[in-house]
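Trainee: Could you take a close look at one part of this model, the side-chain pairings, and explain how they relate to the chain as a whole?

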Amino acid sequence: MTEAVTPQPPRDPFEAPVLDERVLDQPAATGSPAVTAAEVRDGAAVALLVGVAGVLLGLLWMWLSPRLQYVSNGQAVYLKDTESEARIGSDGTFMLLSAGLGALSAVATFLWRRAGGVPLAVGLGLGSVFASLVGWRLGLWLGPSSDLVARAKAAGEGVPFDAPLQLLAYGVLLAWPMAAVAVHLGLTALFTPRDPVTAAPWVDSYPPAHVHAPSAPTDEKPQQ
């Protein structure tokens, strides 16, 4: 004897699926807030430390930047070498130093807090912008004076003297923040473990395969 199967009407495909009662009986999980106070503190600490590191950028830029020299004839100040590329080299030196320090700051931030997070990335970006500004202004302040007349008089006629540091392309100020954020996001995407995604079990979305709709009665008579 085979067990009789009671035919069921087909389920409307546009009807909302029924959630399992066992899932409904479970208490709703209370997730943690998107941003915690600890993450905000970590972001602020990163911004402060990276911003202070801009002092190192200013010292390295002043030390490694190529020197452009002027000379005076007693009446005016002229470039000693009109074909010198030292002025462009100053921008290139600042950009390379900023990119290198940005990558180092990103690696240090990732090793300190591998979990990452929005506050950490924001703090790294803001601190990097501040570090670039600190390095730029500190290099100008520690470098040769911008008073060319006084320096020409102090050097004497026909004696070359170093020109003050200068940035021609202010876009290089973004080298540190761009390198820092890009490297940090790359490290976070590659080496930070991801939480498993669990989907809620849905049942009764479709009728079982062995259940079919009852066939509609027909008025046709069998042929004799």
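**Side-chain pairings**

Mentor: The chain exposes about 15,600 Å², and carbon and sulfur atoms supply 63% of that area (Shrake-Rupley method, 1.4 Å probe, with only the protein chains shown counting as cover for residues). This is a predicted model, in which local features need pLDDT of at least 70 and side-chain atom pairs count only at pLDDT 80 or more, while totals for chains, interfaces and linings use all residues. Residues are numbered from 1 along each chain as its sequence is written, and side-chain values use heavy atoms, with hydrogens and water left out.

Before turning to the pairs, it helps to set out the framework that holds them. The secondary structure comes to 7 helices and 5 strands (DSSP runs numbered from the N terminus, H or I of at least four residues for helices and E of at least two for strands), and along the sequence these follow the pattern β-α-α-α-β-β-α-α-α-β-α-β. Of the 224 residues in the chain, 27% are buried (under 20% relative accessible area, against over 50% for exposed and in between for partly exposed). Among the contacts with a separation of 6 or more, 81% join residues 24 or more positions apart, where contact means heavy atoms within 4.5 Å.

We can now go to the charged pair. A search of the whole structure finds 1 salt bridge (a side-chain nitrogen of Lys or Arg within 4 Å of a carboxyl oxygen of Asp or Glu), and in this bridge the side chains of Asp 42 and Arg 113 meet at 3.0 Å, N to O. Because Asp 42 lies in helix α2 (residues 37-52) and Arg 113 in the loop between α4 (86-112) and α5, the pair ties together parts that are 71 residues apart in sequence. Asp 42, at 17% relative accessibility, counts as buried, whereas Arg 113, at 32%, counts as partly exposed.

The aromatic side chains add further links. The same kind of search finds 3 aromatic pairs (ring centres of Phe, Tyr or Trp, the last by its six-membered ring, within 6.5 Å; stacked with planes under 30 degrees apart, edge-to-face over 60, tilted for the rest). One of them joins Trp 61 and Phe 94, whose ring centres are 5.1 Å apart and whose planes stand at 80°, so the pair is edge-to-face. Since Trp 61 lies in helix α3 and Phe 94 in helix α4, this pair ties together parts that are 33 residues apart in sequence, and both Trp 61 and Phe 94 are buried. Trp 136 and Tyr 170 form another edge-to-face pair, with 5.6 Å from centre to centre and 75° between the planes. Here Trp 136 lies in helix α5 and Tyr 170 in the loop between β4 (161-162) and α7 (175-191), so parts that are 34 residues apart in sequence are tied together. Trp 136 is buried, with a relative accessible area of 15%.

Helix α7 also offers a packing point that involves small residues. Ala 179 is found in this helix, α7, and is buried, with a relative accessible area of 18%. Leaving aside residues up to four places away in sequence, Ala 179 touches Ala 99, Gly 102 and Ala 103. The C-alpha atoms of Ala 179 and Leu 101 are separated by 8.5 Å, although these two residues are 78 residues apart along the chain.

Terms used: Buried < 20%, exposed > 50% of the residue type's maximum accessible area, 1.4 Å probe, protein only.
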